[in-house]
Amino acid sequence: MKNQPIYLAFVALMSLALLVNCSGKSNSGDGTPQQPGSSVALGLVTEGLESPVEMAVPDDGSKRLFIVEQKGTIKIIENGSLISTPFLNVSSKMVEMNDRYTERGLLGLAFHPQYKTNGKFYIYYSAPSSAAGSDHKSILAEYKVSSNANVADASERIIMEIEEPESNHNGGHMEFGPDGFLYVGLGDGGGAGDEHGTIGNGQNLNTLLGKIIRIDVNSGDPYGIPADNPFSGPNQRKEIWAYGFRNPWKFSFDRKNTGRLFCADVGQNKYEEINIVEKGKNYGWRIMEASHCYNPATNCDQTGLTLPIYEYDHDNGVSVTGGYFACSEAVPALLNKYVFADWTGVFFTLSGSGTTWSGEKLEVKNKPENLRVLSFGEDMDHQLYVLTSLDTQPLSPTGAVYKLIASD
C-alpha cells in the first residue's frame with residue numbers, strides 16, 4: 001500500500017492539496033534542480049477497483065494481470081477486462097479495515113517462478129494478534145490455484161508470522177529474485193521515528209522489522225535459509241538480506257539487464273529515497289533519513305552506512321512509491337530509466353549507474369486530477385503499469401490501473 005508517514009493519517013482527513021507544494025522543480029541526488037523529463041501518457045486499462053496496492057503476473061503464458069485490493073481481494077484482468085469474481089478473498093482472515101485511513105490489509109502477492117507447473121503463489125496480509133504489545137501480525141502465506149485457472153484454492157499454508165507493534169509501516173511487497181528466492185520488504189514496526197528499543201528496529205539485526213529478507217520457500221519447514229544469506233551470528237536473524245529501512249514500498253529487480261534491486265523507502269517528515277539494495281548492507285534508518293542525520297539530528301556516525309542513489313524533499317512530494325527499471329522499447333522516452341512516483345501523483349525518472357544517478361520529474365499526459373499513485377506493476381513483456389486511486393480513503397471504489405504508453 002502507499003504507506004504514507006504517520007502524519008498523513010491526519011492529512012487523509014483534511015485537504016492534502018493545501019499542504020503539499022508540488023512545484024515545477026525536481027532535485028537530483030545532490031539537490032541540483034532538473035528540468036521536467038520527456039512526457040509519456042497514461043492509458044486506462046480498467047477502473048472500479050478499491051485501493052489497488054499491488055500487481056503481479058504469473059509466468060504461465062496467459063498474460064493475465066493480477067491486482068491486489070487492500071481490502072483483501074485479488075482480481076484478474078484478462079484480455080483487458082476485469083473479471084468480477086475474485087481470484088482470492090482473504091478479508092475474513094484480516095484485521096477490520098478502517099475505511100478512512102489504514103496501512104494494514106492485503107499488501108503483497110508473488111507468483112512462484114514455476115507457477116505454471118506447481119500453481120503456487122504467496123500473499124502478505126494483516127491479521128489480528130493476541131500477543132502482548134502487538135497491534136496485529138503480518139502473515140506470509142502460501143496458496144495454490146484450483147482446477148479453475150481464475151480461482152484460487154482456499155487452503156492456506158502459513159510460512160511466517162511477524163508481530164507488528166503499531167498499525168503502520170507494514171511494508172508487504174514481495175518478489176522472487178532472479179536467484180529463485182523470495183524477497184520480502186518489512187517496515188520498522190510503525191509509530192514515528194522508529195522508537196523501538198535502544199537503537200530502533202531498523203538497526204536491530206535480531207528482528208525482521210525494518211528489513212528486506214530473503215528466504216527459500218522450496219526447502220525447510222516452513223521455509224529454508226539460503227546458504228549465502230549474510231547474517232548468521234548470535235542475535236542475528238538469518239533471513240535478513242539488508243537492513244536499515246523505515247518502510248520499503250516498493251522494490252523491484254531489473255530483470256532484463258543487471259538484476260539490480262531498486263527499493264523506495266518512505267521517509268519520516270522531510271525526505272524520500274531510492275536505494276539500490278545489496279547483500280548485507282545497512283541503509284541507515286533510524287540513524288539517517290535519506291542522506292541526512294535523523295537520530296541523532298547532527299553529527300551522526302555514518303560508518304558502514306549505504307546512502308541512497310536519489311532523494312527528494314517534501315517540497316516535491318510526501319511519500320515515495322517505488323517503480324521499475326524500464327526496459328521495454330514500446331515507450332522510448334522511458335527506456336533504461338528507473339520510473340517511480342510520489343503518492344501525490346508526481347512522477348520521476350532516474351538515469352545513471354553505480355552510485356551516480358540523476359533524476360528529473362516526468363511529464364505524464366492524461367493524468368487525472370488528484371491522482372494518488374499506490375503502486376506500479378510490470379507485465380511479462382516488461383511494460384509498466386500504474387495502480388492508482390482518486391481518494392485518500394483505502395476502500396474508495398475510485399481505484400484504476402493504467403499502462404504507461406508512448407505519447408503523441
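The radius of gyration of the protein in this predicted model is 19 Å, which agrees with the value near 22 Å that a compact globule of 408 residues would have. Along the principal axes, the C-alpha atoms fill a box of roughly 60 × 55 × 40 Å. Of the 408 residues, 58% are buried. The accessible surface amounts to about 15,600 Å², and carbon and sulfur atoms account for 46% of this area. Contacts were also examined by sequence separation: among those between residues at least 6 apart in sequence, 60% join residues at least 24 apart.

Confidence in the prediction averages a pLDDT of 90 over the protein, and 90% of the residues score at least 70. Residues 1-37 have a pLDDT below 50; in the model, this stretch nevertheless has 104 contacts beyond near neighbours in sequence.

The secondary structure consists of three helices and 28 strands. Strands of a sheet pair through backbone hydrogen bonds, in either the parallel or the antiparallel sense. Two open sheets are described here in order along the chain.

In one open sheet, four strands are arranged in the order 4-5-6-7, with antiparallel pairing. The edge positions are taken by strand 4 (52-56) and strand 7 (81-89); each has a single partner strand, so one side of each is left without a neighbour in the sheet. From one strand to the next, the twist of this sheet averages 30°. Strand 4 runs antiparallel to strand 5 (residues 65-69), and four bridges join the two. Within this pairing, Pro52 has Glu69 of strand 5 as its bridge partner.

Another open sheet, also of four strands, has the order 8-9-10-11 and antiparallel pairing. Strand 8 (106-111) and strand 11 (157-164) are its edge strands, each pairing on one side only. The twist here averages 15° from one strand to the next. Strand 9 (residues 120-127) pairs with strand 10 (residues 136-144) over eight bridges, in the antiparallel sense. Tyr122 has its bridge partner in strand 10, namely Glu142.

Taken together, the two sheets share an open form and antiparallel pairing, with strand orders 4-5-6-7 and 8-9-10-11. Their average twists from one strand to the next are 30° for the sheet of strands 4 to 7 and 15° for the sheet of strands 8 to 11.

Note on methods
Residues are numbered from 1 along each chain as its sequence is written. This is a predicted model: local features need pLDDT of at least 70, side-chain atom pairs count only at pLDDT 80 or more; totals for chains, interfaces and linings use all residues. Side-chain values use heavy atoms; hydrogens and water are left out. Two strands pair if DSSP finds at least two bridges between them. Axes are lines fitted to C-alpha atoms, for helices over the stretch in contact, and angles run from 0 to 180 degrees between N-to-C directions. The radius of gyration is taken over C-alpha atoms; the globule rule is 2.2 Å times the number of residues to the power 0.38. Buried means under 20% relative accessible area, exposed over 50%, partly exposed in between (1.4 Å probe, protein chains only). Contact means heavy atoms within 4.5 Å. Accessible areas come from the Shrake-Rupley method with a 1.4 Å probe; for residues, only the protein chains shown count as cover. pLDDT is the predictor's confidence in each residue, from 0 to 100.
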